[in-house]
Amino acid sequence: MATATSFDTPAGESTWPAPYTRGLYWTEMTVGSSFATASRTVTESDLANFVGMGFTEPLFLDASGAAAAGYRGRLVPGALTFSLAEGLVMLTNVIHGTGMAFLGTTITVKAPVFVGDTLEVSWTVTAARPASSGRRGVVTTKNLVRNQHGEVVMEYEPVRLIAAAPEPTDEGHRS
């Protein structure tokens, strides 16, 4: 049972229930297991906020810049597509409270993404092993991002450090 902190406990209450959501431990992420996310539509606001942080390439700044390069609309940077995909993975809560570190990834952009496209992610565990130290494991997944037409627009293979299940206590409960 999770212990409440002063932040978690409203004034006048002595206890607060543990969160309903808990991510999977690395031993629960078996090779071949798959997960899917909800979908999300890329908005003009998403693009404007992202390019405003420094992606000042004409392809992404205006429709005429993208059109000059042969694209049909407001082109979305691959880095934004990746960020949105990771956000969708986080929304599944599959590593909520168990994800410890993002160790790296490879990314392949397969097709352009445009404002108005709707994205979703599927991911499959391709490797899972104990870490070299501590109660944790290293999990690799193959993540596919597809648009509303079912076209895979990005593929990436993140490697993450994931917590192990807590040790049972003397009472037989996990701490």
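Where does Asn93 lie? You'll find Asn93 in the loop between α4 and β4, the strand that covers 99-104. Asn93 has a phi near 65°, a positive value in a residue other than glycine. With a relative accessible area of 28%, Asn93 is partly exposed, because that figure falls between the 20% and 50% cut-offs.

Before going further, keep in mind that what you're looking at is a predicted model. The average pLDDT for the chain is 89, and 87% of the residues score at least 70. The start of the chain is another matter: over residues 1-6, pLDDT stays under 50. For that stretch the model has 5 contacts beyond four places in sequence. Where pLDDT is low, the predicted coordinates should not be read in detail.

Now for the overall layout. The chain has 4 helices and 10 strands. Walking along from the N terminus, you meet the elements in the order β-β-α-α-α-β-α-β-β-β-β-β-β-β. Of the chain's 175 residues, 34% count as buried. If you take the contacts between residues at least 6 apart in sequence, 67% of them join residues at least 24 apart.

Let's turn to a pair of helices. Two packed helices are described by the angle between their axes and the distance between the axes. Here the pair is α1, residues 44-51, and α4, residues 78-91. Their axes come within 11 Å and cross at roughly 115°, and the crossing is right-handed. On the α1 side, the contact is made by Asp46, Leu47 and Phe50; α4 brings Ala79, Leu80 and Ser83. Sorted by type, the residues of this contact come out as 4 nonpolar, 1 polar and 1 charged.

Next, the strands. Have a look at Thr141, which is found in strand β8, a strand that spans 136-146. Is Thr141 buried or exposed? Thr141 has a relative accessibility of 2% and so counts as buried, since the cut-off for buried is under 20%. Leaving out residues up to four places away in sequence, Thr141 touches Trp123, Thr124, Val125 and Thr126, along with Tyr156, Glu157 and Pro158. The side chain of Thr141 also has a polar contact of 2.7 Å with the side chain of Asn143. As for Ala128, its C-alpha is 8.8 Å from that of Thr141, and the two residues are 13 apart in sequence.

Strand β7, residues 118-130, is home to Arg129. At 45% relative accessibility, Arg129 counts as partly exposed. Setting aside neighbours within four places in sequence, Arg129 is in contact with Trp26, Gly137 and Val138. Arg129 and Thr140 are 11 residues apart in sequence, with 9.2 Å from C-alpha to C-alpha.

To finish, follow the chain out of β8 and into the loop that leads to β9 (152-156), where Asn147 is found. You might ask which residues Asn147 is in contact with, leaving aside its neighbours within four places in sequence. They are Thr118, Leu119 and Val153. Asn147 has a relative accessible area of 4%, so this loop residue is buried. Set that beside the loop residue we began with: Asn93, at 28%, is partly exposed.

Terms used:
Residues are numbered from 1 along each chain as its sequence is written. This is a predicted model: local features need pLDDT of at least 70, side-chain atom pairs count only at pLDDT 80 or more; totals for chains, interfaces and linings use all residues. Side-chain values use heavy atoms; hydrogens and water are left out. pLDDT is the predictor's confidence in each residue, from 0 to 100. Contact means heavy atoms within 4.5 Å. Axes are lines fitted to C-alpha atoms, for helices over the stretch in contact, and angles run from 0 to 180 degrees between N-to-C directions. Helices (H or I, at least four residues) and strands (E, at least two) are DSSP runs, numbered from the N terminus. A crossing is left-handed if the near helix is turned anticlockwise from the far one by less than a right angle, and right-handed if clockwise. Ala, Val, Leu, Ile, Met, Phe, Trp, Tyr, Cys and Pro count as nonpolar, Asp, Glu, Lys and Arg as charged, and the others, Gly among them, as polar. Buried means under 20% relative accessible area, exposed over 50%, partly exposed in between (1.4 Å probe, protein chains only). A polar contact is a pair of N or O atoms within 3.5 Å; within protein, one must be able to donate a hydrogen and the other to accept it, and residues adjacent in sequence count only if both atoms are side-chain atoms.
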